[in-house]
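Here is my note on this structure, as numbered points. Please read it with the model open.

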Amino acid sequence: TAKKMSFRIHTIPHVLILAMARTCCVWATNCTVPSWSPGTTVKLKLSYADSSGLTADAAAQRTLEIYYTSAAEVTGVAPVPLAIYLHGGGWRRGSSDDITFDIIPLDFRLYGISIASISYRLSQHATFPAQIDDAVAAVSWLREHAAEHHVDPERFILYGTSAGAQLATLLGAAHSNASSVGRVAAVIDFFGPADLRGDPNRDMASMLGCATTACPEKAAVASPITHVDAADPPLLGIYGTSDPNVDWRQGESFIAAARAAGADATFMKVDGAIHDFGSVMDARRAFELTPEDGAAPANQTEVILKWLQRRGLLLGCEEFLRKLPPMAAATSLPPPAAANSSQPPAAANSARCSGFASACLVLASFQLAINFF
């Protein structure tokens, strides 16, 4: 009886400490995700499709690169989300290498998300639908090799700029069926053309293999706006009001059409931003969200992170602590906000809370051990 009484007495602080840890975890998750950093692992020029019969140049364009987050390199962490990037360039320029500078305005690795950057056949080597076929093949390859690269195939976040955004939104809308090998969990559209019908743009004509007015059916098939329905993955469209290439009103109409079809779609208009990733991500610019997505975020990066978090696409503090050995979580890397002022200020609070909660868990484990001696 005395031993049982002693166990109950010792258990009280153990339960209290665990409660403190859990409370802090919940608070951190409501702020933002724990802080991580770019990992040490990079996989370059991985072929994602059989390119037999293609020219050497075309075959070289069917490759991808993977940039790990440090969260994917810590023993015990669950598979991490994967942000899949499709480059811009009018379907005739660019490659997966573009991520080396497009990662600067928004580095998903700082938030526990690995990045895959995809090259696809350019219009001088193949016309539509080769580009979207390559994007689907790349996503399918990543799903098949998810375990090898420690990523969660149910948390694929597809994003692109300009022409890459057209492919991203087209893939998201046209391959939303649960059985599709190209399905993704969310799409982020950075100033992508959504309606190619009747557009006189010469790059579009090169990609299609015909002027949009000469082949309206093909232009319609290549237009993301013609494929929207309620089954589409969550969509976030981000456009600048001073974009000379893709009018922000086209993006607004696209998001409105998706919402009217029953999809989860959000539009962000960035004041004064041009047709440039760094411009729309410039934290000094004002922006508007339609519909408003909770409390007003501090900057564009925070908009994206909160948008993803509310849709279950980020690993939060509580999930990390459940997967990590306690000391590994307690020694989280410094918050990225210290190095990049455009990052959400709440990241620092989350990192501190992650360490505090981990310390609580260590103390609770120590207290529990005492109960048995």
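1. Start in strand 1, residues 38–47, where Lys 45 is found. The model is predicted, and this residue deserves a look at its backbone. Lys 45 is not a glycine, yet its phi is positive, at about 50°.

2. Next, the peptide bonds before two prolines. The bond from Phe 128 to Pro 129 is cis. Its omega is near 15°. Pro 129 sits in the loop between strand 4 (114–118) and helix 4.

3. Thr 290 and Pro 291 are also joined by a cis peptide bond. Here omega is about -5°. The loop that holds Pro 291 runs between strand 9 (287–290) and helix 10 (300–310).

4. Now the packing of helix 4 (residues 130–144) on helix 5 (residues 163–174). Their axes come within 10 Å. The crossing angle is roughly 65°. Helix 4 is therefore roughly perpendicular to helix 5. The crossing of helix 4 past helix 5 is right-handed.

5. Which residues of helix 4 and helix 5 meet? Helix 4 brings Gln 131, Ile 132, Ala 135, Val 136 and Val 139. Helix 5 brings Leu 167, Leu 170 and Leu 171. By class, this contact of helix 4 with helix 5 has seven nonpolar residues, one polar and no charged.

6. On to enclosed space. How many cavities of 30 Å³ or more are there? The count is one. The volume of this largest cavity is about 70 Å³. Its lining consists of Thr 169, Gly 172, Ala 173, Val 187, Val 228, Asp 232, Pro 233, Leu 235, Phe 254, Ala 258 and Ala 263.

7. Two elements give two or more residues each to the lining of the largest cavity: helix 5 and helix 8 (248–260). Helix 5 gives the most, with three residues. Helix 5 thus appears in two places in this note: it meets helix 4, and it helps to line the largest cavity. That lining divides into eight nonpolar residues, two polar and one charged.

8. Finally, the open space. The largest pocket has a volume of about 470 Å³. It is lined by 25 residues. Closest to its centre are Gly 89, Gly 90, Ser 162, Asn 245 and His 275.

9. Which helices each supply at least two residues of the lining of the largest pocket? They are helix 3 (99–102), helix 6 (202–208) and helix 9 (277–280). By class, the pocket lining has nine nonpolar, 10 polar and six charged residues. For the lining of the largest cavity, the split is eight nonpolar, two polar and one charged.

10. For a second look in the viewer, I would list these backbone sites: Lys 45, with its positive phi; the cis bond from Phe 128 to Pro 129; and the cis bond that joins Thr 290 and Pro 291.

Key. Residues are numbered from 1 along each chain as its sequence is written. This is a predicted model: local features need pLDDT of at least 70, side-chain atom pairs count only at pLDDT 80 or more; totals for chains, interfaces and linings use all residues. Side-chain values use heavy atoms; hydrogens and water are left out. Axes are lines fitted to C-alpha atoms, for helices over the stretch in contact, and angles run from 0 to 180 degrees between N-to-C directions. Helices (H or I, at least four residues) and strands (E, at least two) are DSSP runs, numbered from the N terminus. Angles under 35 degrees count as roughly parallel, over 145 as roughly antiparallel, 65 to 115 as roughly perpendicular and the rest as oblique. A crossing is left-handed if the near helix is turned anticlockwise from the far one by less than a right angle, and right-handed if clockwise. Contact means heavy atoms within 4.5 Å. Ala, Val, Leu, Ile, Met, Phe, Trp, Tyr, Cys and Pro count as nonpolar, Asp, Glu, Lys and Arg as charged, and the others, Gly among them, as polar. On a 1 Å grid over the protein atoms alone, a cavity is a set of points where a 1.4 Å probe fits but cannot get out, and a pocket is an open set with protein on both sides within 12 Å along at least five of seven lines; lining residues have an atom within 4 Å of a point. Grid points are joined across faces, edges and corners, and a volume is the space filled by probe spheres set on the points.
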